[in-house]
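Subject: Structure handover, with notes on its internal spaces

Dear colleague,

Please find below the structure I said I would pass on to you. My notes on the cavities, on one of the pockets and on a single residue follow after it.

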Amino acid sequence: MTGQSMVLAGEVPFPPSVGDFYPPSILPWAGSDSYWFTKITFLVWLTTAAIIVFFLVSYRKPKLVPTKKQWLAESIYGFVRNNISVEMIGPRGVSFAPYLTCLFAFILLNNFWGIVPFVQISPNSHIAFPAVLAVISYVMFIYVGIRHHGFVKYFKTALMPPAPWFILPLLIPIEFFSTFLVRPFSLAVRLFANMFAGHMLLLVFTLGGFAMINANVWFAPFSVVSWLMAIALTFLEFLVIVLQAYVFTVLTASYVQGALADEH
């Protein structure tokens, strides 16, 4: 039973716990309690389908004077191409614009589920999804760098900054740790932590209101304050949702730019 349904049934799951991030399976495996297809999985599939259908329908019959759907699709692509791809990578960034647009739209829509009533959880609040996205970006910028420079030159450029030879034994491990370990880890954790924290805050104030009503008549007036805080945090969470999608995409573009750069 989800948190919302328990509230409606009068069973307030307060305080929220990590278990709120593991909803029961929608389609349980035969004879097993395996979480192979939960609400989280369904939301990811729904997000993917919605993005594919939206862009296919929007560009099915492009017009010189765009329709609203075509205008929206072109605006999303144009924003990512001009303000992220080209701005961060340069003229070569145009070739990366389709991937970065898909990445931005995918993260944005998955984050948005966190403030949709009766859904109110983002798939990105599970570390697995940000981790997979980070690994894809990680593999991409290394592949791009090797393809552009060659294997030896790329790693030489990435690991050996212009510095006196006697300090290189200290700098090379630092550069390796920063470029090849910290980058994917920070990408994943930044997105996950923001979505996880946002979900927990909304749960605390939303379910806290119900908990105060059920606990004592003297606490009932404070439940209104708790719900008002939940509403205010929802607007704040919307800003975080957009910002995190933008930051993840910008950092991916910056890593690609660094892989293509001829100098450290």
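The largest cavity has a volume of about 40 Å³, and I should say at once that this value, like the others here, was computed on a predicted model. The residues that line the largest cavity are Asn 111, Gly 114, Ser 122, Met 195, Gly 198, His 199, Leu 202 and Glu 237. Helix α7, which covers residues 168-215, is the element that gives the most to this lining, with 4 residues. Sorted by class, the lining of the largest cavity holds 5 polar residues, 2 nonpolar residues and 1 charged residue.

How many cavities of 30 Å³ or more does a search of the whole structure find? There are 2 of them, and the second largest cavity contains about 30 Å³ of space. Its lining is made up of Leu 187, Arg 190, Leu 191, Gln 244, Val 247 and Phe 248, and the elements that contribute two or more residues to that lining are α7 and α8. By class, the lining of the second largest cavity divides into 4 nonpolar residues, 1 polar and 1 charged.

Turning from the cavities to the pockets, I looked at the second largest pocket, for which the computed volume is about 240 Å³. This pocket is lined by 13 residues, of which Ile 51, Ile 76, Ala 105, Leu 108 and Leu 109 are the closest to its centre. Two or more lining residues come from each of α2 (39-58), α4 (97-112) and α8 (220-260), and the largest share, 5 residues, is given by α4. As to the chemical character of this lining, the second largest pocket has 13 nonpolar residues, with no polar and no charged ones among them.

Finally, a note on one residue, Ser 85, which is found in helix α3 (residues 68-89). Is Ser 85 buried or exposed? With a relative accessible area of 0%, Ser 85 counts as buried, because the term applies to values under 20%. If its neighbours within four places in sequence are left aside, Ser 85 is in contact with Val 80, Gly 90, Gly 93, Phe 96, Ala 97 and Leu 100.

With best regards

Terms used:
Residues are numbered from 1 along each chain as its sequence is written. This is a predicted model: local features need pLDDT of at least 70, side-chain atom pairs count only at pLDDT 80 or more; totals for chains, interfaces and linings use all residues. Side-chain values use heavy atoms; hydrogens and water are left out. On a 1 Å grid over the protein atoms alone, a cavity is a set of points where a 1.4 Å probe fits but cannot get out, and a pocket is an open set with protein on both sides within 12 Å along at least five of seven lines; lining residues have an atom within 4 Å of a point. Grid points are joined across faces, edges and corners, and a volume is the space filled by probe spheres set on the points. Ala, Val, Leu, Ile, Met, Phe, Trp, Tyr, Cys and Pro count as nonpolar, Asp, Glu, Lys and Arg as charged, and the others, Gly among them, as polar. Buried means under 20% relative accessible area, exposed over 50%, partly exposed in between (1.4 Å probe, protein chains only). Contact means heavy atoms within 4.5 Å.
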